[in-house]
Amino acid sequence: MQALTMTAPAPDGSTTALVDLDEPKPGPREIAIDVARAGINFIDVMARRGDAGYVSSWPFVPGLEVAGTVRSLGSEVSGLEVGQRVAAFTLGGGGLAEVAVASADLTVAAPSAVSFDVAAAVPLGVATAVLLLERAGLKHGESVLMHSASGGIGALVSQVASAMGSGERIGTVGRADKVAAGLAAGWDSVFPRDEQTEARIREIAPHGVDVILDPTGSLLELDLSVAAPGGRVVLFGNATGGALPPMPPTGRLIGGNVGLLGFSISRLASTSPATLTNALKKGFQLIEAGTVRVETSAVDSLASVAEIHDLLAAGRGSGKYVVDVKGR
Ligand SMILES: NC(=O)c1ccc[n+]([C@@H]2O[C@H](COP(=O)([O-])OP(=O)(O)OC[C@H]3O[C@@H](n4cnc5c(N)ncnc54)[C@H](OP(=O)(O)O)[C@@H]3O)[C@@H](O)[C@H]2O)c1
């Protein structure tokens, strides 16, 4: 089978190639999936650039989410059958391949009304948006601030927050030319990050923002400055790379009545897989109800994925990318 393979850490696609590999076989609690579409994520880029904790060993097949049909089942798997349409988290990698293996505990049936293009974007997209807002304990009418608001996850958080009854939704982006994409994704207001950002957020939310979702690893100071009393900041990434900022002085959290929370989907997968599959099912419900509309950019083949990784690495991606794994 064909699989996208990274042979060593690199800042670009120089160590990424399409390779013929032996087909992976499912363990007792796993299933093999004939992948129709796979999601492309910034975490693939973090793996490629060699960030700690994303690659178990080299060579490495990236890819964290897939949609397709069940090819074969491990001996202890029940409730799924060969040929069934499914979507799955493949959080250890391996999704950017013609055949992927996923834990049965991280796989759900994909509704027939939802295309594979959309289904492949649900695990790391819609379901992750649900999980982040649940982690933050979003309540009806609360305001939300999200950084990287025009990206794969960012573009979906705006819709999921609205579906969960949020109040004002504010996004920030790293470049002025991404503002339009953030607004098109449904954010009420979107600002490029510059020296005006804090003041602009304060104009919209004079008492502060209730829920702040930060995937950057570098904006904690801003987050704490604009958090409302009782607000919650969820740190869930390190897109910037390098050392994460130190924890803020405790007094800032006590005095501000602010909660600082972490979120790791990989950790959740090992400690509470049902939380992930429940979010995946909720994601499909939101899509089937028409409450969330998933727009994807279609990538025609695995051979084109390295170019998308380059785009994401340069911070020039927009929305969610999904690849046709069987495309040529
Ligand atoms: N903790 C978890 O379990 C978990 C799960 C899934 C994803 N994540 C994180 O969620 C974030 C969004 O993922 P995604 O796949 O949807 O990606 P994405 O938002 O489509 O692309 C990544 C974005 O990160 C921002 N960025 C900040 N510093 C950057 C840098 N040095 N190089 C390149 N981009 C930089 C850019 O947006 P702006 O310039 O607009 O800020 C860029 O567009 C990622 O940071 C990812 O690691 C975490």
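## A walk through the parallel strands and salt bridges

Strands β8 and β11 run parallel to each other and are joined by three bridges. This is a predicted model, and that pairing makes a handy place to start looking around. Within it, valine 144 has valine 211 of β11 as its bridge partner.

Strand β11 itself covers residues 209–214, and six of its six residues are buried. It also pairs with strand β12 (residues 227–235), again in the parallel sense, this time over five bridges. If you would like a residue pair to click on, valine 209 has alanine 227 as its bridge partner in β12. Between these two strands the chain passes through helix α7 (residues 220–226), and the resulting β-α-β crossover is right-handed.

Now back to β8, which spans residues 144–147 and pairs in the parallel sense with β9 over four bridges. Here valine 144 stands opposite arginine 169 in β9. The route from β8 to β9 goes through helix α4 (residues 152–163), giving a β-α-β crossover that is right-handed. Valine 144 is thus a useful landmark, with valine 211 as its bridge partner in β11 and arginine 169 opposite in β9.

How covered is strand β9? Five of its five residues, 169–173, are buried. Arg169, Gly171 and Val173 point one way from the strand, while Ile170 and Thr172 point the other way. Strand β9 pairs as well with β10 (residues 189–192), in the parallel sense and over four bridges. Threonine 172 of that pairing stands opposite phenylalanine 191 in β10. The chain travels from β9 to β10 by way of helix α5 (residues 179–184), and this β-α-β crossover is right-handed.

Stepping back, the chain holds 11 helices and 15 strands. Its radius of gyration is 19 Å, close to the 20 Å that the globule rule gives for 328 residues, so the chain is as compact as a globular protein of that length. The C-alpha trace spans about 55 × 40 × 35 Å along its principal axes. Buried residues account for 52% of the 328 residues. The accessible surface of the chain is about 13500 Å², and carbon and sulfur atoms contribute 52% of that surface. Among contacts between residues at least 6 apart in sequence, 70% join residues at least 24 apart.

Next come the charged pairs. Side chains of opposite charge can pair when their charged atoms come close. A search of the whole structure finds 17 salt bridges, including the three below.

| Salt bridge | Closest N and O atoms |
|---|---|
| Arginine 49 and aspartate 51 | 3.0 Å |
| Glutamate 65 and lysine 320 | 2.5 Å |
| Glutamate 134 and lysine 282 | 3.8 Å |

Which parts of the chain does the salt bridge of glutamate 65 tie together? Glutamate 65 lies in strand β4 (residues 65–73) and lysine 320 in strand β15 (residues 320–324), so the pair links parts that are 255 residues apart in sequence. Glutamate 65 and lysine 320 are both buried.

The bridge between glutamate 134 and lysine 282 involves helices instead. Glutamate 134 sits in α3 (residues 122–135) and lysine 282 in α10 (residues 273–288), so this pair ties together parts that are 148 residues apart in sequence. Glutamate 134 is partly exposed, with a relative accessible area of 39%, and lysine 282 is partly exposed too, at 31%. Elsewhere, Glu23, Lys25, Asp34 and Arg71 are joined into one network by salt bridges that share partners.

In the pair formed by arginine 49 and aspartate 51, arginine 49 counts as partly exposed at 30% relative accessibility. Its partner, aspartate 51, has 19% and counts as buried, because the cut-off for buried is under 20%.

A last stop is leucine 302, found in the loop between β14 (296–299) and α11 (305–313). Is this leucine 302 buried or exposed? Leucine 302 is buried, with a relative accessible area of 2%. Leaving aside neighbours within four places in sequence, leucine 302 is in contact with Gln2, Ala3, Leu4, Leu18, Leu96, Ala97, Val323, Asp324 and Val325. For threonine 277, 25 residues away along the chain, the C-alpha separation from leucine 302 is 26 Å.

Notes:
Residues numbered from 1 in each chain as written. Predicted model: local features only at pLDDT ≥ 70, side-chain atom pairs only at ≥ 80, totals over all residues. Heavy atoms only, no water. Buried < 20%, exposed > 50% of the residue type's maximum accessible area, 1.4 Å probe, protein only. Pairing = 2+ DSSP bridges. Right-handed = clockwise from strand over helix to strand, strands pointing away. Salt bridge = Lys/Arg side-chain N within 4 Å of Asp/Glu carboxyl O. Rg over C-alpha atoms; globule rule 2.2 N^0.38 Å. Contact = heavy atoms within 4.5 Å. Areas by Shrake-Rupley, 256 points an atom, 1.4 Å probe, with all protein chains shown as cover.
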